[in-house]
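Work through the exercises below with the model open beside you. Try each task before reading its solution.

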Amino acid sequence: MNDLVEGLHERVRAVRYKVRRISLTPLLVRAGIVLAVLVGLLVAYPVQVFNPRSLAALAVVAVLPAIGPRRVWPTFAALVTVAGWLLATLGFDRPPALWRLLAVAALLYLAHTLCALAALLPFDAVVDPELVVRWLVRAGVVVLASAVIGVVLAWLGGVGGERGFQAVTLAGLLVAVALSALLGWLLRRR
């Protein structure tokens, strides 16, 4: 019995030691994950489904990727967000507004990139704040470029009546091929 109590005290001391060593930057990155996922969920889901129980479930979904960014939780949170978008547009006949689509896509990407950063940072890491700022600026550039391309392609979809959809499809296909070629070139360059 004395060994059991001694083992319990040792574990409590180890947890206390780890908690005291937590630094602010990794904690803020994980708080950013929670915020990005939660706002993304709130934008994606229709207002009609919000009640205390569903909001608590969405809060749990938002916290899981921050706790385990290397596990399946970031993918799970992204799938729950996409399910909310589909529920809103198909189940509640909410028209797919461009601003909402861009906001959900930007928040999904931000949560994804913050999970990638959090997976690299141990809780006791001493991190230069400039690293996080550069990481977020790079993510902001990607989001802005994607939004501009998305708006231009949406605009092209309305040009030319029925033929406009073919132009957007062709432009999207060309962008996908160009990105695939760029990624292949970057992988071979290593």
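## Exercise 1: Fold and overall form

Task: State how many helices and strands the protein has, and in what pattern they follow one another.

Solution. The protein has seven helices and zero strands. Here helices (H or I, at least four residues) and strands (E, at least two) are DSSP runs, numbered from the N terminus. Along the sequence the pattern reads α-α-α-α-α-α-α. Next, take the radius of gyration, computed over C-alpha atoms and set against a globule rule of 2.2 Å times the number of residues to the power 0.38. The radius is 21 Å, well over the 16 Å that the rule gives for 190 residues, so the protein is more spread out than a compact globule. The C-alpha atoms fill a box of roughly 80 × 50 × 25 Å along the principal axes.

Keep two notes in mind. This is a predicted model, in which local features need pLDDT of at least 70, side-chain atom pairs count only at pLDDT 80 or more, and totals for chains, interfaces and linings use all residues. Residues are numbered from 1 along each chain as its sequence is written, and side-chain values use heavy atoms, with hydrogens and water left out.

## Exercise 2: Confidence

Task: Find which helix has the lowest confidence and which the highest.

Solution. Start with the average. The protein has a mean pLDDT of 86, and 93% of the residues score at least 70. pLDDT is the predictor's confidence in each residue, from 0 to 100. Now go helix by helix. Confidence is lowest in helix α7 (residues 163-189), with a mean of 77. Confidence is highest in helix α3 (residues 52-67), at 95. Where pLDDT is low, the predicted coordinates should not be read in detail.

## Exercise 3: Surface and contacts

Task: Give the share of buried residues and the share of contacts made by residues 24 or more positions apart.

Solution. Buried means under 20% relative accessible area, exposed over 50%, and partly exposed in between (1.4 Å probe, protein chains only). Buried residues make up 25% of the 190 residues. Contact means heavy atoms within 4.5 Å. Of the contacts with a separation of 6 or more, 67% join residues 24 or more positions apart.

## Exercise 4: Three helix residues

Task: Classify Pro65, Arg30 and Leu38 as buried, partly exposed or exposed, and list what each touches.

Solution. Take Pro65, in helix α3. Its relative accessibility is 0%, so Pro65 counts as buried. Leaving aside neighbours within four places in sequence, Pro65 is in contact with Ile33, Val37, Trp73, Pro74, Ala77 and Cys115.

Move to Arg30, in helix α2. Arg30 is at 10% and therefore counts as buried. Beyond residues up to four places away in sequence, Arg30 touches Ala66, Ile67, Pro69, Ala118, Leu121 and Phe123.

Finish with Leu38, found in helix α2 (residues 24-44). Leu38 counts as partly exposed because its relative accessibility is 28%. With residues up to four places away in sequence not counted, Leu38 touches Leu58, Ala59 and Ala62. Its C-alpha atom is separated by 13 Å from that of His112, 74 residues apart along the chain.

## Exercise 5: A loop residue

Task: Locate Asp93 and decide whether it is buried or exposed.

Solution. Asp93 is in the loop between α4 (73-91) and α5 (98-120). Its relative accessible area is 63%, so Asp93 is exposed. Now check the backbone. Phi of Asp93 is near 50°, a positive value in a residue other than glycine.
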